[in-house]
Amino acid sequence: MALQQTLVLVKPDGVARGLTGEVIKRFEQRGLKIVALKLVQVNMDHAKQHYTEDITERHGEKIRNQLIDYLTGGPVTAMIIEGVDAIENVRKIVGVTESKSAAPGTIRGDFTHVSYAHADSKEIPVRNVIHASADEKDAKHEMALWFSIDELCDYKRADESHVF
Ligand code: GDP
Ligand code: MG
C-alpha cells in the first residue's frame, strides 16, 4: 500500500470564484483526508520557488513569469491531502492541464473550459482553478515549501475503517 501525501492549491481564480468548498468536497467524498489547510497571499519569491526552473524547461520563461503573476494575484487555498496513491488519485480528480481537454466530472472539466490557444493569445496562463503535485519528487518539494511540519494534523477519519 502506498500511503502518500500531496500538495493541492486552489489558485487565485478558484478562490475568487468561491470554489474552495467545492474542491475540498470532491477530495473528502472520495475518502481522501485533509491533513493541513490554510489561505495564503503569496509573494514573488514564494511563487518562484513553487514554479521552479522546471517550468521554464517545460513551458519557457514567458509562461513561468505569467504563472508567477497568476499565483501572486490573489489569495490561494493550500492544503495537503493524504490517502492511498494520493498523488495519482488527486490528479485524476483534478483533470488534465488544458481546460478545454479536461473531462467533465473532473474539477477542471466541470469549472473551466478555455484552450491553450486562447490563453496563449491573451498571454495568460490557462486559469484552471487548481494545482496538484505531479509526482513524489514535486510533492516533497511543494509540501515543504507551503507547510511546516507542525501545521500537519494527525487524526483518524470516522470512515477510515473502510479503507485500512
Ligand atoms: P499542471 O501540473 O496540470 O498544472 O500543468 P503544468 O505543471 O504543466 O503547468 C503549470 C500551469 O501552467 C498549468 O496549470 C496552467 O495554468 C499553465 N500552462 C501550462 N501549459 C500552458 C500553455 O501551453 N499555455 C498557457 N497559456 N498556460 C499553460
Ligand atoms: Mg504541474
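Trainee: What makes L3, V163 and F164 a nonpolar surface patch?

Mentor: This is a predicted model, and in it those three residues make a patch of about 290 Å². Patch residues need over 30% relative accessible area and no salt bridge, with nonpolar side chains joined within 5 Å. V163 sits in the segment after α9 (136-146).

Trainee: Why is V163 called partly exposed?

Mentor: Its relative accessible area is 47%. Buried means under 20% and exposed means over 50%, so V163, at 47%, counts as partly exposed.

Trainee: OK, on to the sheet. Why are β2 and β4 said to stand at the edges?

Mentor: Follow the strand order, β2-β3-β1-β4, in an open sheet with antiparallel pairing. β2 (33-40) and β4 (130-132) each have a single partner strand, so one side of each lacks a neighbour in the sheet. The twist from one strand to the next averages 20°.

Trainee: How do you know that β2 and β3 pair?

Mentor: Pairing takes at least two bridges, and 7 bridges join β2 to β3 (residues 76-84). So they pair, and they run antiparallel. For instance, L39 has T77 as its bridge partner in β3, and I34 has I81.

Trainee: What joins β1 to β3?

Mentor: 8 bridges, again with the strands antiparallel. I81 turns up here too, as the bridge partner of T6.

Trainee: What makes β3 "mostly covered"?

Mentor: 8 of its 9 residues are buried, and the cut-off for that is under 20% relative accessible area.

Key. Residues numbered from 1 in each chain as written. Chains lettered and ligands numbered in written order. Predicted model: local features only at pLDDT ≥ 70, side-chain atom pairs only at ≥ 80, totals over all residues. Heavy atoms only, no water. Patch = residues over 30% accessible without salt bridge, like charges linked within 9 Å, V, L, I, M, F, W, Y side chains within 5 Å. Areas by Shrake-Rupley, 256 points an atom, 1.4 Å probe, with all protein chains shown as cover. Salt bridge = Lys/Arg side-chain N within 4 Å of Asp/Glu carboxyl O. Helix = DSSP H or I, 4+ residues; strand = E, 2+ residues; numbered from the N terminus. Buried < 20%, exposed > 50% of the residue type's maximum accessible area, 1.4 Å probe, protein only. Axes fitted to C-alpha atoms, helices over the stretch in contact; angles between N-to-C directions.
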